[in-house]
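Please open the model in a viewer and keep the selection tool at hand. The tour proceeds by selection, and each stop states what is to be found there.

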Amino acid sequence: DELIVLLGGSFSVCLKANMSLGGRVVFVGGVSGVIGEGIARAFIAEGATVVSPVRSEESKAAIKETFGADASKLDLVLGEMSQEASAIAVREHILLHHKELAHAVGCFGGWWQGGVLSQQTFETYRKVQSASDAHFNTATKIFPLVAHNGSFTFITGGMADRCFVPPASLVTVFNATIGGIAQALIGEAQSSDRRVNDFRICQLVSRDSSPEVASGQKASNANIGKAVVRLALGQERGVTVRVHTIAELAARADPAPAPVFASQ
């Protein structure tokens, strides 16, 4: 079986008919979060098995309960990707049980709104910044396992471009750092047959079943997942794709042929 690692994405206009995910394995970083869950479910819906690091046995049990019937397609491995020794252990698990990865998608970090930058302590900065540590360890420990013609994608946020919520100052800091890691890996991969992309979400996201999604206030995590699957199986490389609107995200998630959207 081929292994697909979920860490994070961009957009592909169409999928090849022979690129089914049945029997393949996917490694997803961050399935306990709303966005990571949506990405994992999208790969599972395409027939893949999902491998993901989890921080504790309690977290493992909660994730299995959340996924319900889909939990049978999860391989949850104890590990914290922001810690190097733990990330190495996760890598060794992949090598032992799956040998190589077909794709990687990185999805770590969440929301924080603890105040403007000048009021923060270094301790708070380091705590919030640990989300970018997880992306660094994933890029250095997981990317080398991606097979030829595979892909590695990062999930980042629009706050990397502009701090439009000043009390969420450190969200801009860690997202900008992750964007820098993505650009470094994009540069490294230019001469290889492995594709690296940055999928930047510039809107609020909730579970597909939530009232906020039904009312159009937030984007669907299911559509995020579908868009990431399309990216992983497509041909785009070295791009940062910014998804600004719910309509644009829906178009990227649509499996029907669609026009190419300009990368920004």
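Select Arg 41 first; in this predicted model, Arg 41 has a relative accessible area of 24% and is therefore partly exposed. Display its side chain together with that of Glu 37: the two meet in a salt bridge, with 2.9 Å from N to O. Both residues belong to helix α1 (residues 34-45), where they lie four residues apart, about one turn of the helix. An α-helix has 3.6 residues a turn, so residues three or four places apart point the same way. Is Glu 37 buried or exposed? At 5% relative accessibility, Glu 37 counts as buried.

Extend the selection to Asp 70 and Arg 207. Together with Glu 37 and Arg 41, these residues are linked in a network of salt bridges. Then add Phe 67, because there is a further contact of a kind to inspect here. Arg 41 lies over the face of Phe 67, at 4.5 Å from the ring centre.

**Further salt bridges**

How many salt bridges does a search of the whole structure find? The search finds twelve. One of them may be viewed by selecting Glu 57 and Lys 60, whose side chains meet at 3.8 Å, N to O. These two residues are three residues apart in helix α2 (residues 57-67), and so about one helical turn separates them. Colour the pair by accessibility: Glu 57 is partly exposed because its relative accessibility is 46%, whereas Lys 60, at 17%, counts as buried.

Move next to Arg 91 and Glu 92, whose side chains form a salt bridge of 3.2 Å, N to O. Arg 91 is partly exposed, with a relative accessible area of 24%. Glu 92 is likewise partly exposed, with a relative accessible area of 39%.

**Two positive phi angles**

Most residues other than glycine have a negative phi. Select Lys 99, in the loop between α3 and β5, and inspect its backbone. Its phi is near 75°, a positive value in a residue other than glycine. With a relative accessible area of 64%, Lys 99 is exposed.

Asn 149 is the next stop, and it is found in strand β6. Its phi is also positive, near 70°, and the residue is not glycine. Asn 149 is exposed, its relative accessible area being 57%.

**Helix α4**

Now select residues 122-141, which make up helix α4. How far apart are its end C-alpha atoms? At 1.5 Å a residue, the 20 residues should span 28 Å, and the end C-alpha atoms are 27 Å apart, which agrees. Centre the view on Ser 130, where α4 bends by about 35°.

Which residues of α4 are buried? They are Val 128, Gln 129, Ala 131, Ser 132, Ala 134, His 135, Asn 137, Thr 138, Ala 139 and Lys 141. To see what covers them, show the surrounding elements, which include α3 (84-97), β5 (101-106), β6 (146-157) and α5 (169-189).

**Aromatic rings**

The model holds three aromatic pairs. Phe 122 and Tyr 125 form one of them, a tilted pair with 5.5 Å from centre to centre and 45° between the planes. Both lie in helix α4, three residues apart, about one turn of the helix. Phe 122 is exposed because its relative accessibility is 61%, while Tyr 125, at 28%, counts as partly exposed.

Turn then to Phe 143 and Phe 152. The centres of their rings are 5.9 Å apart and their planes stand at 80°, so the pair is edge-to-face; the cut-off for that class is over 60 degrees. Phe 143 is buried, at 3% relative accessibility, and Phe 152 is buried with a relative accessible area of 0%.

Add Phe 154 to the selection: Phe 143, Phe 152 and Phe 154 form one aromatic cluster. For the last stop, select Arg 194. Its charged end sits over the ring of Phe 143, 4.3 Å from the ring centre.

Conventions
Residues are numbered from 1 along each chain as its sequence is written. Side-chain values use heavy atoms; hydrogens and water are left out. The expected span of a helix is 1.5 Å times one less than its number of residues. The bend at a residue is the angle between axes fitted to the seven residues ending there and the seven starting there. Buried means under 20% relative accessible area, exposed over 50%, partly exposed in between (1.4 Å probe, protein chains only). Contact means heavy atoms within 4.5 Å. Rings of Phe, Tyr and Trp (its six-membered ring) pair if their centres lie within 6.5 Å; planes under 30 degrees apart count as stacked, over 60 as edge-to-face and the rest as tilted. A charge sits over a ring if NZ of Lys or CZ of Arg is within 6 Å of the ring centre and within 35 degrees of the ring normal. A salt bridge is a side-chain nitrogen of Lys or Arg within 4 Å of a carboxyl oxygen of Asp or Glu.
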